[in-house]
Amino acid sequence: MRAVLRSKPPECVVKADPSSEILLTGVLDRHFRTTYVAALLVGNQLVQRGSKNQLRTETSRVSIKGAIVNADGFEFTVNGTGFVDPGSGNEPGYGLAAATLVPPNVGAPGGAPVLVKVRVFGETLGGEEIESSELTFPVSVCDGCLVRYPIEADNPANPGYDCTSTEGNPEEPCYFGQDDPIDCRLCGGDPICLAP
């Protein structure tokens with residue numbers, strides 16, 4: 001297990017590449033979302049066994065089956081899918097796995113960050129069960145902390161700040177309530193988005 005990858009708007013695409021942007025910590029805003037789901041970069045250091053010349057199939061590719069997650073002492077298993085290619089030379093092969101790291105019943109807004117430990121498991125195409133190393137990833141849980149109130153969203157005709165302007169085109173986060181800021185104009189019907 002290498003890292004949790006960052007999804008960046010507007011594309012919101014992650015790639016199984018060690019040079020991709022990673023997250024060192026996550027944020028879950030429980031006002032908008034109940035779970036934290038992560039894109040995990042998984043490496044495979046098994047060497048290639050397949051050979052076209054010898055008509056030998058590749059058995060070192062790993063089929064991801066799921067993840068074992070421990071979030072502040074609450075352990076659970078989630079299903080997963082995907083493949084991790086074998087390594088080439090001294091370089092590992094990489095793949096992606098998605099996993100819920102913080103379920104609805106773990107972590108209180110404003111409390112200490114939830115300390116998540118996650119391991120991905122699967123099976124090689126040769127039938128060998130395999131498990132990754134453990135990755136530790138802290139997730140802060142809050143209530144409304146991701147809402148941003150930009151000056152251009154304020155209606156200057158009204159005293160004080162109120163997020164009522166429809167000017168501009170705010171960028172939507174990849175996962176509403178997870179990691180990325182939320183422009184108050186995107187959630188205008190919610191009282192928490194009207195004013196700071």
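Visitor: How many salt bridges does a search of the whole structure find?
Guide: The search finds eight. A salt bridge here is a side-chain nitrogen of Lys or Arg within 4 Å of a carboxyl oxygen of Asp or Glu. This is a predicted model, in which local features need pLDDT of at least 70 and side-chain atom pairs count only at pLDDT 80 or more, while totals for chains, interfaces and linings use all residues. Residues are numbered from 1 along each chain as its sequence is written, and side-chain values use heavy atoms, with hydrogens and water left out.

Visitor: Why would side chains pair at all?
Guide: Side chains of opposite charge can pair when their charged atoms come close.

Visitor: Ok, what do K8 and E21 do?
Guide: Their side chains meet in a salt bridge, with 3.4 Å from N to O. K8 lies in the loop between strand 1 (3-5) and strand 2 (22-23), and E21 is in the loop between strand 1 and strand 2, so the pair ties together parts that are 13 residues apart in sequence. Strands (E, at least two residues) and helices (H or I, at least four) are DSSP runs, numbered from the N terminus.

Visitor: Is K8 buried or exposed?
Guide: K8 is partly exposed, with a relative accessible area of 41%. E21 is also partly exposed, at 39%. Buried means under 20% relative accessible area, exposed means over 50%, and partly exposed is in between (1.4 Å probe, protein chains only).

Visitor: Which residues are linked in a network with those two?
Guide: R6 and D180 are linked with K8 and E21 in a network of salt bridges.

Visitor: Moving along the chain, what does E131 form with R119?
Guide: E131 and R119 form a salt bridge, and their closest N and O atoms are 2.5 Å apart. The pair links distant parts of the chain, with E131 in strand 10 (residues 129-131) and R119 in strand 9 (residues 114-124), twelve residues apart. E131 is partly exposed, at 44% relative accessibility.

Visitor: And what does R119 form with E134?
Guide: R119 forms a salt bridge with E134 as well, where the closest N and O atoms are 3.5 Å apart. That pair also links distant parts of the chain: R119 is in strand 9, and E134 is in the loop between strand 10 and strand 11 (135-142), 15 residues apart. E134 counts as partly exposed, at 42% relative accessibility.

Visitor: Different topic. How many disulfides are there?
Guide: The count is four, taking a disulfide as a pair of cysteine sulfur atoms within 2.5 Å. Numbering the bonded cysteines of the chain in sequence order gives the pairing 1-5, 2-3, 4-6, 7-8.

Visitor: What about C12 and C174?
Guide: C12 and C174 form a disulfide, with sulfur atoms 2.1 Å apart. The link is left-handed, with -90 degrees about the S-S bond. C12 lies in the loop between strand 1 and strand 2, and C174 in the loop between strand 12 (147-148) and strand 13 (182-183), so the pair ties together parts that are 162 residues apart in sequence. C12 is partly exposed at 32%, whereas C174 is buried at 19%.

Visitor: Which cysteine does C142 join?
Guide: C142 is joined to C145 by a disulfide, S to S 1.9 Å. The torsion about their S-S bond is about -55 degrees, so the disulfide is left-handed. C142 is buried, with a relative accessible area of 11%, but C145 counts as partly exposed at 35%.

Visitor: And C187, buried or exposed?
Guide: C187 is buried, and so is C193. A disulfide joins the two, S to S 1.9 Å.
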